[in-house]
Amino acid sequence: MAHNLSGYHRALDLFEGLVAGVPRDGWDVPSPCDGWTARDVAGHVTGGQSLIRALATGEPQPDVNTDPGRFVTGDVLMSWRTARKECAAALTPDALDRLIPFGGLGDLPLGDFLEGYILEPLVHAWDLARATGQPSRLDPDLVHHAFATAQVVAAPLRAEGHLAPPLPAPRGADEQTRMLAFLGRC
């Protein structure tokens, strides 16, 4: 089964560009994620690449929420690029067809999961941009796709304490602002 991962790769490219734009001394600043620094946000998304690799190979999944900065010790950009490269190498056609558990939605092929995974690197790209003073306008096509995913996955994530309650979006807000408000940001 063929999977369209172009959005997934575009979201990772966007995130990588923001990681590359953080000055060396900019990693300890607070982020919009409560209690996390910019390094923690980068570590969480970098750890997400390790998690996807584990899903692809059947290895134990790492906890990417506890002490996420451990995934990006030293040079954050190099840690990110290494994790991304290792993850990409694991995404063989067989791995993309591998069924993985997806909470209350049952099992689905890893490739289908990745088509919706755009939400994770995209929202955390915004978090990283906001934390480090970089432009935070996101790709509107990716936002549209991610917002649709958010509406499917938000309830279980909120129930598990992984997502803040929604905030009201300003009247007439664009889709990015509405998505961020839905995710408890803004």
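What follows is a conversation about reading a predicted protein model, feature by feature.

Colleague: Let's start with the big picture. How many helices and strands are there in the protein?

Modeller: This is a predicted model, so keep that in mind throughout. The protein has 8 helices and 2 strands. Going along the sequence, you meet them in the pattern α-α-α-α-β-β-α-α-α-α. The radius of gyration is 16 Å, close to the 16 Å from the globule rule for 186 residues, so the protein is as compact as a globular protein of that length.

Colleague: What box do the C-alpha atoms fill?

Modeller: Along the principal axes, that box is roughly 40 × 40 × 30 Å. As for what is tucked away, 48% of the 186 residues count as buried. The accessible surface is about 9300 Å², and carbon and sulfur atoms own 55% of that.

Colleague: And what about contacts between residues at least 6 apart in sequence?

Modeller: Of those contacts, 66% join residues at least 24 apart.

Colleague: How do I read the charges? How far apart are the mean positions of the positive and negative ones?

Modeller: You take the mean position of each kind and compare the two. Here there are 15 positive and 23 negative charges, and their mean positions are 5 Å apart.

Colleague: Now single residues. Is Ser 31 buried or exposed?

Modeller: Buried means under 20% relative accessible area. Ser 31 has 13%, so Ser 31 is buried. You'll find Ser 31 in the loop between helix H1 (6–20) and helix H2 (38–57).

Colleague: Which residues is Ser 31 in contact with, leaving aside its neighbours within four places in sequence?

Modeller: Trp 36, Thr 37, Ala 38, Val 41 and Ala 131. There is also a backbone detail: a polar atom of the Ser 31 side chain lies 3.0 Å from the backbone nitrogen of Cys 33.

Colleague: Let's go to the other end. Which residues of helix H8 are buried?

Modeller: First, the general idea. An α-helix has 3.6 residues a turn, so residues three or four places apart point the same way. In H8 (residues 175–182), the buried residues are Gln 176, Met 179, Leu 180 and Ala 181. Their cover includes helix H6 (119–132) and H7.

Colleague: Can we zoom in on one of them? What is the relative accessible area of Ala 181?

Modeller: It is 1%, so Ala 181 counts as buried. The C-alpha atoms of Ala 181 and Pro 166 are separated by 5.8 Å, with their places 15 residues apart along the chain.

Colleague: What comes after H8?

Modeller: Arg 185 is in that segment. Arg 185 is buried, with a relative accessible area of 12%. The Arg 185 side chain makes a polar contact with the side chain of Asp 127, at 2.7 Å. Beyond sequence neighbours within four places, Arg 185 is in contact with several residues, including Cys 33, Val 123, His 124, Trp 126 and Leu 180.

Colleague: I keep hearing about phi. How should I read its sign?

Modeller: Most residues other than glycine have a negative phi. After H8 comes Gly 184, with a positive phi near 80°. Asp 67 is not a glycine, yet its phi is positive too, at about 50°. Asp 67 sits in the loop between H2 and helix H3 (76–90).

Colleague: What if a residue is neither buried nor exposed? How does Thr 92 count?

Modeller: Partly exposed covers the range between buried, under 20%, and exposed, over 50%. Thr 92 has a relative accessible area of 35%, so Thr 92 is partly exposed. Thr 92 lies in the loop between H3 and helix H4 (93–97). The C-alpha atoms of Thr 92 and Val 64 are 23 Å apart, although the two are 28 residues apart along the chain.

Colleague: And in helix H7, what can I look at?

Modeller: Try His 145, which is found there. His 145 is partly exposed at 35%. Not counting residues up to four places away in sequence, His 145 touches Glu 115, Gly 116 and Ile 118. Val 152 is in H7 too (residues 140–159). At 49% relative accessibility, Val 152 counts as partly exposed. The C-alpha atoms of Val 152 and Thr 132 are separated by 30 Å, and those residues are 20 apart along the chain.

Technical notes. Residues numbered from 1 in each chain as written. Predicted model: local features only at pLDDT ≥ 70, side-chain atom pairs only at ≥ 80, totals over all residues. Heavy atoms only, no water. Helix = DSSP H or I, 4+ residues; strand = E, 2+ residues; numbered from the N terminus. Rg over C-alpha atoms; globule rule 2.2 N^0.38 Å. Buried < 20%, exposed > 50% of the residue type's maximum accessible area, 1.4 Å probe, protein only. Contact = heavy atoms within 4.5 Å. Areas by Shrake-Rupley, 256 points an atom, 1.4 Å probe, with all protein chains shown as cover. Lys, Arg positive; Asp, Glu negative; His and termini not counted. Charge placed at Lys NZ, Arg CZ, Asp CG, Glu CD. Polar contact = N/O pair within 3.5 Å; in protein donor to acceptor, adjacent residues only side chain to side chain.
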